[in-house]
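Here's a quick briefing to read with the structure open beside you. Have a look around first, then work through the notes by topic.

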Amino acid sequence: ETNKIRADERKRTEKLEAEWIAKMEMKGNVFDIEMKGVRMEHTQRTVMVKRQFNAGRQKCIDEYGAVQEEAQVNGSRQMEQLRVRYEREMTDMEDEYSEILR
């Protein structure tokens with residue numbers, strides 16, 4: 001009788017242990033799946049942030065290039081305006097002195 005009780009208790013314990021191990025393995029699998037999801041989401045966010053950073057950086061580069069080009073055009077325009085004004089003033093001075101010398 002005692003042996004039967006011990007055998008039944010051993011079987012019950014083994015069954016509980018097997019169920020516990022199965023649950024732990026299942027939880028481990030669920031954890032692994034969730035971790036894969038988290039890693040994949042992190043990777044996607046990292047890629048998105050890199051793209052946004054590169055787009056922002058490229059936008060800054062483009063804006064700097066446009067500003068530089070505009071400054072060059074404005075500088076050339078101002079130089080041309082100064083040249084025209086100088087030539088006009090020189091012509092006016094020559095005309096003025098020509099009239100004085102007559």
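How exposed is Arg-83, going by its relative accessible area? Arg-83 is partly exposed, at 37%. Keep in mind that this is a predicted model. In short, the protein chain has one helix and zero strands, and 0% of its 102 residues count as buried.

**Overall shape**

- The helix is called α1 and takes in residues 2-101; there are zero strands to go with it.
- Along the principal axes, the C-alpha atoms fill a box of roughly 150 × 10 × 5 Å.
- The radius of gyration tells a similar story: the protein chain has 43 Å, whereas a compact globule of 102 residues would come in near 13 Å.

**Surface and charge**

- The protein chain has an accessible surface of about 10200 Å², and carbon and sulfur atoms account for 57% of that.
- None of this surface hides a core in the usual sense of the count, because buried means under 20% relative accessible area and 0% of the residues qualify.
- On the charge side, there are 20 positive and 22 negative charges. Their mean positions sit 16 Å apart.

**Salt bridges**

- Side chains of opposite charge can pair when their charged atoms come close. A search of the whole structure turns up five salt bridges.
- Glu-41 and Arg-45 make one of them, with N to O at 2.7 Å. Both residues belong to helix α1 and are four residues apart, about one turn of the helix. Glu-41 is partly exposed, with a relative accessible area of 39%.
- Arg-83 and Glu-87 also meet through their side chains, again in a salt bridge with N to O at 2.7 Å. The two are four residues apart in helix α1, so about one helical turn separates them. Glu-87 counts as partly exposed at 41% relative accessibility, and Arg-83 is partly exposed too, at 37%.
- Arg-85 pairs with Glu-89, and here the closest N and O atoms are 3.4 Å apart. Once more the spacing is four residues in helix α1, which means a separation of about one helical turn. Both ends are partly exposed: Glu-89 has 42% relative accessibility and Arg-85 has 43%.
- Some salt bridges share partners, and these join Glu-80, Arg-83 and Glu-87 into one network.

**Surface patches**

- Which residues make up the nonpolar patch on the surface? They are Tyr-86, Met-90, Met-93, Tyr-97 and Ile-100, and together they have about 540 Å² of accessible area.
- Met-93, a member of that nonpolar patch, lies in helix α1. Met-93 is partly exposed, with a relative accessible area of 42%. That fits the patch rule, because a patch residue needs over 30% relative accessible area.
- There's a negative surface patch as well, formed by Asp-92, Glu-94, Asp-95, Glu-96 and Glu-99. Glu-96, one of its members, lies in helix α1.
- Don't go looking for salt bridges from these negative patch residues, because patches are made of residues with no salt bridge.

Methods: Residues are numbered from 1 along each chain as its sequence is written. This is a predicted model: local features need pLDDT of at least 70, side-chain atom pairs count only at pLDDT 80 or more; totals for chains, interfaces and linings use all residues. Side-chain values use heavy atoms; hydrogens and water are left out. Patches are made of residues with over 30% relative accessible area and no salt bridge: like charges are joined within 9 Å, nonpolar side chains (Val, Leu, Ile, Met, Phe, Trp, Tyr) within 5 Å. Accessible areas come from the Shrake-Rupley method with a 1.4 Å probe; for residues, only the protein chains shown count as cover. A salt bridge is a side-chain nitrogen of Lys or Arg within 4 Å of a carboxyl oxygen of Asp or Glu. Buried means under 20% relative accessible area, exposed over 50%, partly exposed in between (1.4 Å probe, protein chains only). Lys and Arg count as positive and Asp and Glu as negative; His and the chain ends are not counted. The place of a charge is taken as NZ of Lys, CZ of Arg, CG of Asp or CD of Glu. The radius of gyration is taken over C-alpha atoms; the globule rule is 2.2 Å times the number of residues to the power 0.38.
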